[in-house]
Every structure is written in structure tokens, then in C-alpha cells.
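Reader: Got a minute to walk me through this one? I'd like the basics and then the surface.

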Amino acid sequence: GWSDGPLPQLERVLRRRGLRCVYVSLPMPPCGVTWCANPFVLLLAVVLWLTIVAAERLAATHPALIVVAVAVGSLLARLCVAGVVRFSV
């Protein structure tokens, strides 16, 4: 397991100086392999793949629309990353 390291000693020194230590609970990812079964990871891969395909196809016909395809893909990728993080916590 993880040891506290020098944390207890630092807390004692800080308390003597009048400082108060506050413990904050940190959300931990699920145990085991359930975090690997995150559906947003697959969705992120699909969004990235579709963005690349769309950009390649638009490059031949409408080069100006590549910017739109990349912008929409970036927005969707951002939402997928938020979903990955939300699902894992």
C-alpha cells in the first residue's frame, strides 16, 4: 500500500505554527477493470476517425469546409473527453 511518507511530520510542524490541515476526499476511479469499459473511449475514437475521414473527403471538394469539420470534431472530442472523465469518477 501507499505510505503517508513525511505527511504526518509536516502536519505536526504546521500545527505547532498554528496552521490547520484539512483533509479533502479525492474521488478514486472504480476498482478493477470497470474503468476500461468506458463507452466514451470508444465514442472518442469514432469521433476522431470520422473527423479525419470527413476532412479527407472535404479536402477534394470543399477545402474551406475542412475548418468546419475540424472545429466540429474538436468540440465533439472535447465532450467525449468530459464523458470519459465523468464516467471514470
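Reader: So how many helices and strands are in the protein chain?
Author: The protein chain has three helices and zero strands, counting DSSP runs numbered from the N terminus (helices are H or I, at least four residues; strands are E, at least two). From the N terminus on, the order is α-α-α. It's a predicted model, where local features need pLDDT of at least 70, side-chain atom pairs count only at pLDDT 80 or more, and totals for chains, interfaces and linings use all residues. Residues are numbered from 1 along each chain as its sequence is written, and side-chain values use heavy atoms, with hydrogens and water left out.

Reader: Cysteines next. How many disulfides?
Author: The count is zero, with a disulfide taken as a pair of cysteine sulfur atoms within 2.5 Å.

Reader: And Cys80, buried or exposed?
Author: Cys80 is buried, at 5% relative accessibility. Cys21 is partly exposed at 26%. Buried is under 20% relative accessible area, exposed over 50%, partly exposed in between (1.4 Å probe, protein chains only).

Reader: What share of the 89 residues is buried?
Author: Buried residues make up 13%.

Reader: OK, contacts. What share of those with a separation of 6 or more comes from residues 24 or more positions apart?
Author: That's 68% in the protein chain, where contact means heavy atoms within 4.5 Å.

Reader: Where does Leu75 sit?
Author: Leu75 is in helix H3 (residues 65-88), and counts as exposed because its relative accessibility is 54%.
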